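Let's take a friendly tour of a protein model together. Have the sequence and the 3D view open as you read.

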Amino acid sequence: MEEGNSIIYGLEHQTRALSPQYGESDAIRFLIGTQSLKPETNQIHVVELEEDTGALHTKVFKHDIGEIWHLRCSPHDAAILMTTHNAYDPDTCQCTMGVSIFKLPTTEVIPKDLDDLNAIQGRNAEDMEILKTITPEKPEEEIRCAEWHPSDLNRVGIVLENYVSIRDVDTGAQVTSVAPEGRARLKFTGGKWSPQGHCQFTVLQDTHIKCFDTRTDCIKSSWNIDNAHRQLARDIDFNPNRQFHLASAGDDAALNIWDYRNGKEPIFSRTDHSHWVWTVRYNTYHEQLLLTGSSDARALLTAAASICDMDDEGKRLSQVLEDGVLQSYEQHEDSVYCAEWSAAEPWTFASLSYDARLVLSRVPRHFKYKILL
């Protein structure tokens, strides 16, 4: 794929779930989950970008259990993934949400020879092995997302409307829970494990961000950022290089970066989108690069260099990028619900919109060279 150009991959059904294949360090792969209302039509698409040629290779797997609202690949095993899904039961005329863990039969995508290519092109969606399905205690409860523990392969955090359930992967049993006191009417919109404090789980509660210690059942937060956004907070991501920094996105069209030791004001803020911002992601290696996706049908590559040019002693280093939008990606025609960096290559990323369109892009060469040289 040439620098500055994007590759578009279209799917048959609407989509809002995307994950890089975290356990894969060599191949550029992303997994997409579809959101079709028709029974037994949903799928997982594994998309691999061949870096030298720019060719896309795909494999498709069945996800008959229901429409996919959230998808996360395991950081511990490239063949394992977890979906948050919603299924309609015709017997009860109700929709029930759940979390399922699957194993792919193979992680290979690119055909090795012509026979393999012909076999792939003539094959229907394959089956995945289902390892565990976890359902909420009350069938009517809504699940927002499910996140793998960053170091404990037997723990997942499941965010529901009013609490977080920490589950054992093998048994599905609840190990502990997070149910904050007060503000019971304020529902959770999402959450994520802290990569530094592996016992800490951070949740989005209405306009607020709160972090809880999961070693015991807890009702009080370890730290919090009240009114992080003027409207609903939609997503957070932790800076992989700076322990106390995190980015947040919300319905006020803002991208904010915080030092949660003093969360009264953001240390960086941009409102370059014109509608709700659904997702924000730090680049794994270059913390000044962030991705956002919005209901304005755009994905933005933004630089936050001014807060990343300090050394460990607080001395200012040479700032190589100017703060602000580096490039806008406008190949989408509907809300961009997800934007993710490749787990294998620091300059490649993908954005996914509800119109079943995946756009694979690279950081423009001149920005890349400014950072590296």
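Below are some notes on sheets, a helix, a few single residues and one database annotation.

This is a predicted model, in which local features need pLDDT of at least 70, side-chain atom pairs count only at pLDDT 80 or more, and totals for chains, interfaces and linings use all residues. Residues are numbered from 1 along each chain as its sequence is written, and side-chain values use heavy atoms, with hydrogens and water left out.

**Two open sheets**

- Strands of a sheet pair through backbone hydrogen bonds, either parallel or antiparallel.
- Helices (H or I, at least four residues) and strands (E, at least two) are DSSP runs, numbered from the N terminus, and two strands pair if DSSP finds at least two bridges between them.
- One open sheet has four strands in the order S18-S19-S20-S21, paired antiparallel.
- Its edges are strand S18 (233–238) and strand S21 (268–270); each has a single partner strand, so one side of each lacks a neighbour in the sheet.
- From one strand to the next, the twist of this sheet averages 20 degrees; axes are lines fitted to C-alpha atoms, for helices over the stretch in contact, and angles run from 0 to 180 degrees between N-to-C directions.
- Strand S20 (residues 255–259) is joined to S21 by three bridges, and Leu255 has Arg270 in S21 as its bridge partner.
- Another open sheet of four strands follows the order S1-S28-S27-S26, again with antiparallel pairing.
- Here strand S1 (7–10) and strand S26 (336–341) stand at the edges with a single partner strand each, so one side of each has no neighbour in the sheet.
- Five bridges connect S26 with strand S27 (residues 348–353), where Ala350 stands opposite Glu340.

**Strand S16 and its partners**

- Five of the six residues of strand S16 (residues 208–213) are buried; buried means under 20% relative accessible area, exposed over 50%, and partly exposed in between (1.4 Å probe, protein chains only).
- Strand S15 (residues 200–205) runs antiparallel to S16 with six bridges, and Val203 is paired with Lys210 in S16.
- The hairpin of S15 and S16 has two residues between the strands, and Asp206 takes a positive phi near 60 degrees there.
- S16 also pairs with strand S17 (residues 223–225) in the antiparallel sense over three bridges; the bridge partner of Cys211 in S17 is Trp223.

**Helix H2**

- Which residues of helix H2 (residues 365–372) are buried? They are Phe367, Lys368 and Ile371.
- Seen down the axis of H2, these residues fall within an arc of 100 degrees, so they line one face of the helix; the arc is that of the directions from the helix axis to the C-beta atoms.
- They pack against strand S23 (289–294), strand S25 (324–329) and strand S28 (357–362); contact means heavy atoms within 4.5 Å.

**Val99 and the cysteines**

- Val99 lies in strand S8 (residues 94–103) and is buried, with a relative accessible area of 1%.
- Among the residues that Val99 touches are Met82, His85, Lys132 and Ile158, not counting residues up to four places away in sequence.
- The structure holds zero disulfides; a disulfide is a pair of cysteine sulfur atoms within 2.5 Å.
- For Cys73, the nearest cysteine sulfur belongs to Cys338 and is 12 Å away.
- Cys73 is buried at 2% relative accessible area, and Cys308 is buried at 14%.

**A database annotation**

- In an unreviewed entry, UniProt lists residues 226–268 as "repeat: WD"; UniProt positions are given in the numbering used here, feature names are shortened, and annotations may be inferred rather than shown by experiment.
- Over residues 226–268 the chain is 0% helix and 42% strand, with its end C-alpha atoms 16 Å apart.
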